[in-house]
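Student: Hey, I've just opened this one and don't know where to start. Can you walk me through it?

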Amino acid sequence: MKKIIGITSGALLALFSAQTAFADETLKVGVSAPMSGAAAAWGLGFEYAAEQAVEKVNSEGGIKAGGKTYMLELHAYDNKYNAAEGAKTAQTMLNREKIKFIVGSIGTAPVRATQALSERQGVLLFNTGWGKSIKGPDYPLTFTQMNTPFEILAPFFGYIKEQHPELKTVAMITPNDATGQEVEPVAVKSWNDLGVEVVSTDRYERGTTEFQSIATKIANSKPDGVDFGAAPPADVGSIMKALDVLGWNGVKIVAPGTSAGTLSKMAGGAAEGTYLGASADFQGDSASETQRKLNEGAIAKLGESLNGITISSYDAVMALKKAIETADSIDPKKVAETLPTIIFESSYGPAAFGGTNVYGSPQQILIPVMITQVKDGKAVEVGRVAPEELKERLK
């Protein structure tokens with residue numbers, strides 16, 4: 001699956017056509033995300049947010065660097081949330097389309113597959129991969145555009161424990177892939193640090209549709225809570241529904257939880273009260289004007305609110321624009337060297353890149369950790385934690 005979002009479409013046709021006349025060149029940017037299967041809600045929202053960012057940049061005159069003006073052209077591909085398709089889409093973007101900037105890739109496995117090519121070919125890669133292994137000095141062209149377990153889990157689990165002091169045990173279930181394998185030990189340690197025992201850990205294969213046996217095992221262990229690890233929304237909803245049938249009704253925790261709508265569609269009332277670590281209430285009082293507008297558009301077009309994963313492609317485009325103009329170059333290596341030095345206007349407000357103390361180099365976006373809970377089928381923000389490093393940068 002491939003979609004190309006050009007610079008002269010819809011109601012902006014006349015405007016973009018006029019601006020293109022003043023543009024020296026077109027700069028291609030790519031997106032690799034799951035647009036089919038259990039994680040499709042992430043990919044479609046991700047593509048939508050990138051489209052909006054590209055339209056905004058182009059409508060405001062494009063990107064200026066090296067004495068030239070560039071209009072953006074977005075190329076979006078379905079990586080089906082697996083390594084094989086991640087490699088395939090990467091080859092298409094880099095070798096056929098000659099794309100030098102990837103403004104978003106979802107899933108640790110497809111990100112790794114893409115990274116194997118992008119680093120070697122000098123391509124800048126923004127991604128949402130949760131694995132710690134994809135960052136560090138060995139990968140100078142790779143940047144993460146959303147919070148990961150190393151930013152989310154401690155404040156997220158800590159908040160839940162404060163709200164539920166009776167929480168003493170949790171059972172954990174997560175996909176058996178690169179994302180799940182890297183998230184599980186971090187989650188177990190985070191729970192143990194809070195004095196919560198992880199009584200069981202189960203992994204399942206991506207593509208699984210029958211969760212009855214796993215749900216039965218979890219219910220029989222009688223945990224106070226269930227941590228759904230790195231499972232995507234549709235899978236979480238199916239497991240919750242099975243647990244509900246079995247009569248289990250403890251604390252439900254989804255660190256990468258993003259889609260209250262999908263959870264509620266899949267699990268009905270069983271989704272109520274679920275804590276989500278990567279969602280966001282972009283309709284609430286704490287949302288920025290940009291986030292409200294993006295979210296309204298996503299609901300109208302996709303029937304689904306944006307979340308921490310999907311809105312990140314918008315932020316990656318905004319970071320890229322500021323870095324290119326600051327570097328005064330479209331050389332990906334120069335842009336990558338510039339990214340950690342800038343403060344840019346993300347959908348959340350001023351943001352930056354840091355995280356050297358965790359990853360060995362400043363490749364992690366610095367934005368607030370927002371904790372939401374499913375209430376009446378919607379994600380409602382119940383807590384927010386700003387990273388200390390960002391606070392220092394903004395002083």
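Tutor: Sure, and let's start with a term: accessible areas here come from the Shrake-Rupley method with a 1.4 Å probe. Keep in mind that this is a predicted model. By that method, the protein chain has an accessible surface of about 14900 Å².

Student: What share of that surface belongs to carbon and sulfur atoms?

Tutor: Carbon and sulfur atoms account for 51% of it.

Student: And how many helices and strands does the chain have?

Tutor: The protein chain has 14 helices and 17 strands. Its radius of gyration is 20 Å, close to the 21 Å that the globule rule gives for 395 residues, so the chain is as compact as a globular protein of that length. Along its principal axes, the C-alpha trace spans about 65 × 40 × 40 Å.

Student: What percentage of the residues count as buried?

Tutor: Of the 395 residues, 60% count as buried. As for contacts between residues at least 6 apart in sequence, 67% of them join residues at least 24 apart.

Student: What about charges, how many positive and negative side chains are there?

Tutor: There are 38 positive and 44 negative side chains, and the centres of the two sets lie 3 Å apart.

Student: Let's pick a helix. How far does α2 reach from its first C-alpha to its last?

Tutor: Helix α2, residues 40-59, reaches 28 Å, close to the 28 Å expected at 1.5 Å a residue. It's mostly covered, with 15 of its 20 residues buried. After α2 comes G61, with a positive phi near 105 degrees.

Student: What about α9, which of its residues are buried?

Tutor: In α9, residues 260-267, the buried ones are A260, T262, L263, S264 and A267. Their cover includes α2, which we just met, along with α8, β12, β16 and β17. Then G268 follows α9, and its phi is positive too, near 60 degrees.

Student: Which residues other than glycine have a positive phi, say near 50 or 55 degrees?

Tutor: K222 has a phi near 50 degrees, and D328 has one near 55 degrees. For background, most residues other than glycine have a negative phi.

Student: Where do K222 and D328 sit?

Tutor: Both are in loops: K222 lies between α7 and β10, while D328 is found between α11 and α12. K222 counts as exposed because its relative accessibility is 67%, past the 50% cut-off. D328 has a relative accessible area of 47%, so it is partly exposed.

Student: New topic. Is G136 buried or exposed?

Tutor: G136 counts as buried, at 4% relative accessibility. You'll find G136 in the loop between β6 and β7. Its C-alpha is 14 Å from that of F126, a residue 10 places away along the chain.

Student: What is G136 in contact with, leaving aside its neighbours within four places in sequence?

Tutor: G136 is in contact with Y359, S361 and Q363. Y359 is also touched by F150.

Student: OK, so which helix does F150 lie in?

Tutor: F150 lies in helix α5, residues 149-163. It's partly exposed, with a relative accessible area of 30%. Not counting residues up to four places away in sequence, F150 touches W130, K132, V186, V358 and Y359.

Student: How far apart are F150 and V358 in sequence and in space?

Tutor: They're 208 residues apart in sequence and 8.0 Å apart in space, C-alpha to C-alpha.

Technical notes
Residues numbered from 1 in each chain as written. Predicted model: local features only at pLDDT ≥ 70, side-chain atom pairs only at ≥ 80, totals over all residues. Heavy atoms only, no water. Helix = DSSP H or I, 4+ residues; strand = E, 2+ residues; numbered from the N terminus. Rg over C-alpha atoms; globule rule 2.2 N^0.38 Å. Buried < 20%, exposed > 50% of the residue type's maximum accessible area, 1.4 Å probe, protein only. Contact = heavy atoms within 4.5 Å. Lys, Arg positive; Asp, Glu negative; His and termini not counted. Charge placed at Lys NZ, Arg CZ, Asp CG, Glu CD. Expected span 1.5 Å × (residues − 1).
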